[in-house]
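Hi,

Here is the structure I said I would pass on. Have a look at it first, and then read my notes underneath.

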Amino acid sequence: MAHHGGSNPESEPNTRLYNPYQDLNLQVPINNLYKLPTSPEFLFAEESLHQRRSWGENLTFYTGSAYLGGSISGAAVGLFSALRNFEQGDTLKLKINRILNSSGHTGRSWGNRIGVVGLIYAGMESGVVAVTDRDDVWSSVAAGLATGALCRAARGVRSAAVAGALGGLAAGTVVAGKQVLKRYVPI
């Protein structure tokens, strides 16, 4: 039966709301079945003692954030590249096509490259935390150092050492900046 108009179907005498649990003789009120927990649920009690993301959440967060940031940055670089490459006789349609092609290509390329760096960093950080059982600034610095070194290892020892130092410095700066923001910026 279709419901038309502004009347309430519960007040109409010829209608009845469907209750899928009516024949189960449940002793629990139906409303309690749909109350969801507001805090995370853990399978093991020791998991609840650690206030950090799991390795899977870390992997998803860092890889996704890096891909998104790289894609947006690459699209911006592609946009400016397309704007520089406009020619005198280009029509509006050709200009829009050039912008979309350049932004899409560069954004995809940067997103993939930086997403892989985020993936490696997430794996390194999860590994360092698993080995040391500490999740602090130094774990992030060690993961950044290892990520930078691994990403540049094919170019030689010197390049890997420089990239490792820069990766550790970048990771430490980001984590320290996050701590400063938490402490001094009220939300």
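Below is what turned up when I went through it, starting with the overall fold and ending at the surface.

One thing to keep in mind throughout: this is a predicted model.

**Overall layout**

The protein is helical, with 6 helices and 0 strands. Reading from the N terminus, the order of elements is simply α-α-α-α-α-α. Of its 187 residues, 19% count as buried.

**A pair of helices**

Have a look at helix α3, which covers residues 55-84, and helix α4, which covers residues 92-132. Their axes come within 5 Å and cross at roughly 155 degrees. Angles over 145 degrees count as roughly antiparallel, so that is the label for α3 and α4. As for handedness, the α3 and α4 crossing is right-handed.

**Salt bridges**

How many salt bridges does the structure hold? The count is 2, and here they are in turn.

- Asp90 and Arg98: their side chains meet with an N to O distance of 3.2 Å. Asp90 has 12% relative accessibility and therefore counts as buried, the cut-off for that being under 20%. Its partner Arg98, at 24%, counts as partly exposed. So this bridge joins a buried acid to a partly exposed base.
- Arg134 and Asp136: here the N to O distance between the side chains is 3.3 Å. Arg134 comes out at 46% relative accessibility, which makes it partly exposed. Asp136 is at 27% and also counts as partly exposed.

If you want to find the Asp90 bridge in the viewer, note that Arg98 falls within the residue range of α4, 92-132.

**A nonpolar patch on the surface**

Which residues form the nonpolar patch on the surface? They are Val180, Leu181, Tyr184 and Val185, and together they have about 410 Å² of accessible area. Leu181 sits in helix α6, which spans residues 157-184. Is Leu181 buried or exposed? Its relative accessibility is 52%, and because the exposed class begins over 50%, Leu181 counts as exposed.

**Quick recap**

- Fold: 6 helices and 0 strands.
- Helix pair: α3 and α4, roughly antiparallel, with a right-handed crossing.
- Salt bridges: Asp90 with Arg98, and Arg134 with Asp136.
- Surface patch: nonpolar, with Leu181 among its residues.

Cheers

Technical notes
Residues numbered from 1 in each chain as written. Predicted model: local features only at pLDDT ≥ 70, side-chain atom pairs only at ≥ 80, totals over all residues. Heavy atoms only, no water. Patch = residues over 30% accessible without salt bridge, like charges linked within 9 Å, V, L, I, M, F, W, Y side chains within 5 Å. Areas by Shrake-Rupley, 256 points an atom, 1.4 Å probe, with all protein chains shown as cover. Salt bridge = Lys/Arg side-chain N within 4 Å of Asp/Glu carboxyl O. Helix = DSSP H or I, 4+ residues; strand = E, 2+ residues; numbered from the N terminus. Buried < 20%, exposed > 50% of the residue type's maximum accessible area, 1.4 Å probe, protein only. Axes fitted to C-alpha atoms, helices over the stretch in contact; angles between N-to-C directions. Parallel < 35°, antiparallel > 145°, perpendicular 65-115°, else oblique. Left-handed = near helix turned anticlockwise from the far one by under 90°.
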